[in-house]
Amino acid sequence: MVAEGKCLARHDNMVVFVAGVAPGDVVDLRVTRKKKSYMEAEPVHFHELSELRVQPFCEHFGTCGGCKWQHIGYDTQLYFKQKQVKDNLERIGKVPLPEFDPILGSEKTRYYRNKLEYTFSNTSWLTKEQIQSGQEYDRDALGFHIPGRFDKILDIKHCYLQPDPSNAIRLEVRKYAKEQNLPFFDIVKQEGYMRNLIIRTANTGEVMVIVQVYEDRPAEMQALMEHLAATFPEITSLQYVVNAKGNETFHDLEVVCYKGLPYIHEDMEGIKFRVGPKSFYQTNADQAYELYKKTRELANLTGNELVYDLYTGAGTIANFVARQAREVIGIEYVPSAIEDAKINSQINNITNTTFYAGDMKDILSDELVARHGRPDVVITDPPRAGMHEDVVKKLLQVHPNRIVYVSCNPATQARDVEWLSEKYDVTRVQPVDMFPQTHHVENIVLLTAK
Ligand SMILES: C[S@@+](CC[C@H](N)C(=O)[O-])C[C@H]1O[C@@H](n2cnc3c(N)ncnc32)[C@H](O)[C@@H]1O
């Protein structure tokens, strides 16, 4: 098992990357891509099945791109995630490593997400079996994109990722739209009405539903909203967006709150986080709590520290650790996320946080350090690309006592750790699983000044 959840095989001294198999399978492969140093292939015939395999529980497994590792057991998934972190730190980081802490598995391995986004389409994906059957199928779909296909949507009957009422709401919206002849969107022709459905379920029990449509049809929208409000009284935030753009993003559009509040709340140790339609919040909230507790533990805060929380998003880590620190400075690119971060401090009476919006390599400056002081601890949680080289250089210059590096990409984390090893030792490594049934892994590295 190697990067991106693919398996590695060898043929004539050439490596072959294969998706949809398990280590130990004996298979015939069809090459789908040939490069100078490697090939990609797909299985066409299985001679022997690996002992690591288990029966996938979802009828959409194999077609849907959502849970590509359902065919291997959870303990095996955890083993390979931990190995992925170790391989990257050893091969790319090339630094002395302590013994790893065992990966923190997610207690929930199904129904662990608090947000799902479904797309409407009038050209649903048909499986090979459906095409071969010669039968006519309803081509309207409400579900997920087929991997690599922007124009094809798999109609989802049941999704194991988000707890109820997620499935019930999606099925009801689909049924209602069909009954009322509300046309499902045609992405190629850019026409139709029903575009997208977002469901957010918080650990406080609050539920947000956002319906996205292509054009303004007030009467139809009111009837749909009324129907949803009456059928699901548990929806605490019912919203819609009219989006006539070429894509489904709505960060630049008005979101209309039809019923309830324009946001919901997540709760962590009594700290409330307000989550609006455009806000980012970790999608596995229970496991985010475990991740943040570990991050705080590794930061080893006593109440006297100045902490910089880099790539703070909506200030979740910053606010979570604020009560154990003297002061926390949060920095993030997206201005609306910084607005959320400030609100989250306010509504929790947290007064020792300051947030800045902008590019990290510009904001993390000598001037900022002169204004607030040299941090004792830096917590950093960059996007998949890792930290910009200038940011790493600045960290080496600012030289906090401890850097707690949280990452969703072990390869870029390993690269950054190698750069930081000029002045830091890796003293703890704690992988965390946020996304069961997928190959994704989160990892925390504690770097201690030499
Ligand atoms: C992995 S998320 C961190 C989320 C946050 N720590 C949390 O737990 O909710 C990475 C964040 O980095 C931000 N980001 C990406 N590039 C950036 C940059 N160049 N400067 C500042 N922030 C950036 C993204 O907008 C995103 O919010």
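The following paragraphs describe a predicted model of a protein, beginning with the overall fold and ending with individual residues.

The protein contains 11 helices and 20 strands. Its radius of gyration is 24 Å, close to the 22 Å that the globule rule gives for 450 residues, so the protein is as compact as a globular protein of that length. Taken along the principal axes, the box filled by the C-alpha atoms is roughly 70 × 60 × 35 Å. Of the 450 residues, 53% are buried, and among contacts with a separation of 6 or more, 64% are accounted for by residues 24 or more positions apart. The exposed area of the protein is about 20700 Å², of which carbon and sulfur atoms supply 50%. The side chains include 53 that are positive and 62 that are negative, and the centres of these two sets lie 3 Å apart.

At the start of the chain, UniProt lists residues 1–45 as "domain: TRAM" in an unreviewed entry. Over this stretch the chain is 60% strand and 0% helix, with the end C-alpha atoms 19 Å apart.

A second UniProt feature, "active site", also from an unreviewed entry, is placed at C408. This residue lies in the loop between strand 18, which covers residues 402–407, and helix 11, which covers residues 410–420. Because its relative accessible area is 23%, C408 is classed as partly exposed. When residues up to four places away in sequence are not counted, C408 touches P382, P383, R384, V441 and E442. Helix 11 itself contains T412, which is buried, with a relative accessible area of 13%. Leaving aside neighbours within four places in sequence, T412 is in contact with R384, A385, G386 and Y405; R384 therefore appears in the contact lists of both C408 and T412.

Helix 10 spans residues 389–398, and its buried residues include V391, V392, K394, L395, L396 and V398. Just after this helix comes H399, in the loop between helix 10 and strand 18. H399 is partly exposed, with a relative accessible area of 26%, and its phi is near 55 degrees, a positive value in a residue other than glycine. Such a value deserves mention because most residues other than glycine have a negative phi.

A positive phi, of about 60 degrees, is also found at Y311, which is not a glycine. Y311 is located in the loop between strand 14 and helix 6, the latter covering residues 316–321. With a relative accessible area of 18%, Y311 is buried, since the cut-off for that class is under 20%. Strand 14, formed by residues 306–310, contains V307, which counts as buried because its relative accessibility is 0%. Apart from neighbours within four places in sequence, V307 is in contact with L301, A325, E327, V328, I329, V377 and I379. By contrast, V307 and Q84, which are 223 residues apart in sequence, lie 30 Å apart in space, C-alpha to C-alpha.

A further feature of the backbone concerns the peptide bond between D164 and P165, which is cis, with omega of about 15 degrees. Most peptide bonds, in general, are trans. P165 is placed in the loop between strand 7, residues 153–155, and helix 3, residues 166–179.

Methods: Residues numbered from 1 in each chain as written. Predicted model: local features only at pLDDT ≥ 70, side-chain atom pairs only at ≥ 80, totals over all residues. Heavy atoms only, no water. UniProt positions renumbered as here; feature names shortened; annotations may be inferred. Helix = DSSP H or I, 4+ residues; strand = E, 2+ residues; numbered from the N terminus. Buried < 20%, exposed > 50% of the residue type's maximum accessible area, 1.4 Å probe, protein only. Contact = heavy atoms within 4.5 Å. Rg over C-alpha atoms; globule rule 2.2 N^0.38 Å. Areas by Shrake-Rupley, 256 points an atom, 1.4 Å probe, with all protein chains shown as cover. Lys, Arg positive; Asp, Glu negative; His and termini not counted. Charge placed at Lys NZ, Arg CZ, Asp CG, Glu CD.
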